[in-house]
Amino acid sequence: MRAVFYEANGPARDVLRIGDVETPSPGVGEVRVRLYASGVNPSDVKSRGHRKSPFPLVIPHSDGAGEIEAVGPGVAKSRLGERVWIWNGQWQRPFGTAAEFIALPAAQAVPLPDALSFEEGAALGIPALTAYHAIELAGVGQGTTLLVSGGAGAVSQFAIQFAKARGATVISTISSPDKAMAAREAGADHCIDYKRENVGDRIADITGRRGVDAITEMDLTANAGLIPAVLRPKGKVVVYGTGAEATIPAFAFLANSIQLDFFLIYQLDAQQRERAVAGVTRALAQGEAVARI
């Protein structure tokens, strides 16, 4: 099969190659998917750029979409021809979705609604599952006021949609009119341009000086200092992204009983993953979420 691969870390133009590699065969409990779209995420880029791999050759990308064209022992033949989207395609494995085919555990190939294109399916894995789990951890429900940082990002687009479906009021930070439009199209009630406005003052005005109930945070390193100005006492910050180091206003967190919750989407346990996959599937089926390319 044809695939994109790399054998050393470095810039894409220097290390990525396109060539023929062996077509995988599905093992016990696995399916082989003919891929029609591959999704690129920041973690894929960082891994290729500087994270040393234990594998001599890597086909990158964890997200993708296509059709099941072979099944291994223990998988129902009724799955043949099924349109699917994929999660964790290259997590702790050498071969991801930047190829014509991928073989992986059947549970990691999730039925793709007929109304969604393969390109939309390839945009679900990391962004949609991250957003769904973040909204769950934040305890978002009817009447919650949620701050979604970076509202035009892939994860944030889904987080806004999932939060609105639960009856929340959503405030989002953005950095341009175009990004504000994207956040509003996803359902954000308020957009704050952090480059031109004082975020703390705007949120005080919006919430009657109460502060938001929770925050979904894509970059704790950049935004940790803002948290005391926008989050109510006993509020919660759910962190799914950060730089290598972050300076946290620890006394303000202590004095206000702030909860800081980290997670890495690749490492959800089986129950968490099942809930997230089911939640995303349900939201797509009910029209509560769309994948923005």
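**Exercise 1. Work out the strand order of the open sheet, and find which strands stand at its edges.**

Step 1. Follow the open sheet in this predicted model: its 6 strands come in the order β10-β9-β8-β11-β12-β13, and the pairing is parallel.

Step 2. Look at the two ends of that order. β10 (190-193) and β13 (259-262) each have a single partner strand, so one side of each is left without a neighbour in the sheet. These are the edge strands.

Step 3. Add the twist: from one strand to the next, it averages 20 degrees.

**Exercise 2. Trace the bridges from β8 through β11 and β12 to β13.**

Step 1. Start at β8, which is joined to β11 (residues 212-217) by 3 bridges. Here Leu147 has Ile215 of β11 as its bridge partner.

Step 2. Move on to β12 (residues 231-239), which pairs with β11 over 5 bridges in the parallel sense. Thr216 finds its bridge partner in Val238 of β12.

Step 3. Finish at β13: 4 bridges link this strand to β12, and the two run parallel. Val237 is partnered with Leu260 of β13.

**Exercise 3. Check whether the span of helix α5 agrees with its number of residues.**

Step 1. Count the residues: α5 covers residues 154-165, which makes 12.

Step 2. At 1.5 Å a residue, the helix should span 16 Å. Multiply by one less than the number of residues to get there.

Step 3. Compare with the model. The end C-alpha atoms of α5 are 17 Å apart, which agrees.

Step 4. Look just past the end of the helix, where Gly167 takes a positive phi of about 90 degrees.

**Exercise 4. Decide how covered α5 is, and describe how this helix meets α6.**

Step 1. Use the cut-off for buried, which is under 20% relative accessible area. By this test 9 of the 12 residues of α5 are buried, so the helix is mostly covered. Among them are Val155, Phe158 and Phe162.

Step 2. Find the neighbours. The buried residues pack against several elements, including α4 (125-137), β9 (169-174) and α6 (177-186).

Step 3. Describe the crossing with α6. The axes lie 8 Å apart and the packing angle is about 35 degrees; the crossing is right-handed.

Step 4. Name the residues that touch. Gln157, Ile160 and Gln161 come from α5, while Ala182, Ala183 and Ala186 come from α6. Sorted by type, the contact has 4 nonpolar residues, 2 polar and no charged.

Key
Residues numbered from 1 in each chain as written. Predicted model: local features only at pLDDT ≥ 70, side-chain atom pairs only at ≥ 80, totals over all residues. Heavy atoms only, no water. Buried < 20%, exposed > 50% of the residue type's maximum accessible area, 1.4 Å probe, protein only. Contact = heavy atoms within 4.5 Å. Axes fitted to C-alpha atoms, helices over the stretch in contact; angles between N-to-C directions. Left-handed = near helix turned anticlockwise from the far one by under 90°. Nonpolar A, V, L, I, M, F, W, Y, C, P; charged D, E, K, R; others polar. Pairing = 2+ DSSP bridges.
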